[in-house]
Amino acid sequence: QIMNPFNKFNKWFNLAKKTFEFDPTAFALSSSSNNKPDVRMVLLKKILPDGYIFFTNINSNKGKQFNKNNNLAMCFYWESLKKQIRISGRGLIIDDKESDLYFSSRPRKSQLGAWASKQSSVIKNRKVLINRFQKYEKKFENNQVTRPPYWIGIKIVPKTFEFWQGDQFRLHERELYYLKKKVWQKKILSP
């Protein structure tokens, strides 16, 4: 019986939460459009039985790339554990209610920051951003900060997982999990 890769992810992720000295939720997210790959660090915000959620401004570069091509890849690397997990799959926009729920749990100033930042757009200087932040502070002064319509959650539904465990003499362990007729299969890869 092949271990479900979601269970293996959870086992490694829980170990990283306990022992990794930095933020274990940080991962490199890769997107692409027009055959041009792009990568940046984002934070994992929710683990579901069938996928992984992060949040973004859909008008950002990654959002625009996602709209053209919803194939995404994620890579977690926990150096002190000598563990890496690579996942590739398809991204899906989550339900507005789920995005609202997560947005309402964020610190108020982070909520205001989501309104203030036109993510990835060019600004003249930092003062422009601060002024926009102050504008939204006034706008929502005595009210709950609502979620901007462009601030959304994306769930990555994996098609492949690769688990890498570092070992000495470059004899690393690599396991590839992939779906075949909706059943997870496993192959061992040479390092």
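## Close-up views of a predicted model

**View 1. Glu-79 and Lys-82 pair up in a salt bridge.** Glu-79 and Lys-82 form a salt bridge, and their closest N and O atoms sit 2.7 Å apart. Keep in mind throughout these views that this is a predicted model. Is Glu-79 buried, partly exposed or exposed? It counts as partly exposed, because its relative accessibility is 38%. Lys-82, with a relative accessibility of 38%, also counts as partly exposed. The pair belongs to a structure that holds nine salt bridges, and some of the others appear in the views below.

**View 2. Lys-155 reaches Asp-50 across a long stretch of sequence.** Here the salt bridge is between Lys-155 and Asp-50, with 2.9 Å between the closest N and O atoms. The two residues are 105 apart in the chain, so this pair links distant parts of it: Lys-155 is in strand β7 (residues 151-165), while Asp-50 is in the loop between β3 (46-48) and β4 (51-57). Which side of the pair is buried? Lys-155 is, because its relative accessibility is 14% and the cut-off for buried is under 20%. Asp-50, at 36%, counts as partly exposed.

**View 3. Arg-147 meets Asp-100 in a salt bridge.** The distance to look for here is 2.6 Å, N to O, between the side chains of Arg-147 and Asp-100. Arg-147 comes from the loop between α5 (126-139) and β7, and Asp-100 from helix α3 (residues 96-105), so the pair ties together parts that are 47 residues apart in sequence. Arg-147 counts as buried because its relative accessibility is 15%, whereas Asp-100 is partly exposed at 35%.

**View 4. Arg-147 has other neighbours to look at too.** Pan around the Arg-147 side chain and you also find a polar contact to the side chain of Asp-96, at 3.4 Å. The Asp-100 side chain shows up again as a polar contact of 2.6 Å. What does Arg-147 touch once its neighbours within four places in sequence are set aside? The list is Asp-96, Ser-99, Asp-100, Phe-103, Trp-115 and Ile-152.

**View 5. Ser-105 points a polar atom at a backbone oxygen.** Ser-105 has its place in helix α3. A polar atom of its side chain lies 2.6 Å from the backbone oxygen of Tyr-102. Is Ser-105 buried or exposed? It is exposed, because its relative accessible area is 52% and the line for exposed is drawn at over 50%.

**View 6. Three residues share a network of salt bridges.** Lys-8, Glu-175 and Lys-186 are the residues linked here.

**View 7. Ile-85 sits among the best-connected residues of the largest nonpolar core.** This core has 41 residues, and Phe-9, Trp-78, Ile-85 and Phe-161 have the most contacts inside it. Elements giving two or more residues to the core are α1 (5-19), β1 (26-33), β4, β5 (71-78), β6 (83-93), α4 (108-116) and β7. Which element gives the largest share? Strand β7 does, with six residues. Zoom in on Ile-85 and, leaving out neighbours within four places in sequence, you will find contacts with Phe-9, Trp-12, Met-74, Cys-75, Phe-76, Trp-78, Phe-161, Glu-162 and Phe-163.

**View 8. The largest pocket holds about 380 Å³ of space.** The lining is made of 19 residues. Which of them lie nearest the centre of the pocket? Look for Phe-55, Thr-56, Arg-106, Gln-119 and Trp-151. The elements that give two or more residues to this lining are β2 (36-43), β4 and α4.

**View 9. Zooming back out, the protein shows five helices and nine strands.** Starting at the N terminus, the elements run α-β-β-β-β-α-β-β-α-α-α-β-β-β. Along its principal axes, the C-alpha trace spans about 55 × 35 × 30 Å. The protein has 191 residues, and 40% of them count as buried. Among contacts with a separation of 6 or more, 62% are between residues 24 or more positions apart.

Definitions and conventions. Residues numbered from 1 in each chain as written. Predicted model: local features only at pLDDT ≥ 70, side-chain atom pairs only at ≥ 80, totals over all residues. Heavy atoms only, no water. Salt bridge = Lys/Arg side-chain N within 4 Å of Asp/Glu carboxyl O. Helix = DSSP H or I, 4+ residues; strand = E, 2+ residues; numbered from the N terminus. Buried < 20%, exposed > 50% of the residue type's maximum accessible area, 1.4 Å probe, protein only. Core = buried A, V, L, I, M, F, W, Y, C linked by side-chain atoms within 4.5 Å. Contact = heavy atoms within 4.5 Å. Polar contact = N/O pair within 3.5 Å; in protein donor to acceptor, adjacent residues only side chain to side chain. 1 Å grid on protein atoms, 1.4 Å probe; cavity = no way out; pocket = protein on both sides within 12 Å on 5 of 7 lines; lining within 4 Å. Points joined across faces, edges and corners; volume = space filled by probe spheres on them.
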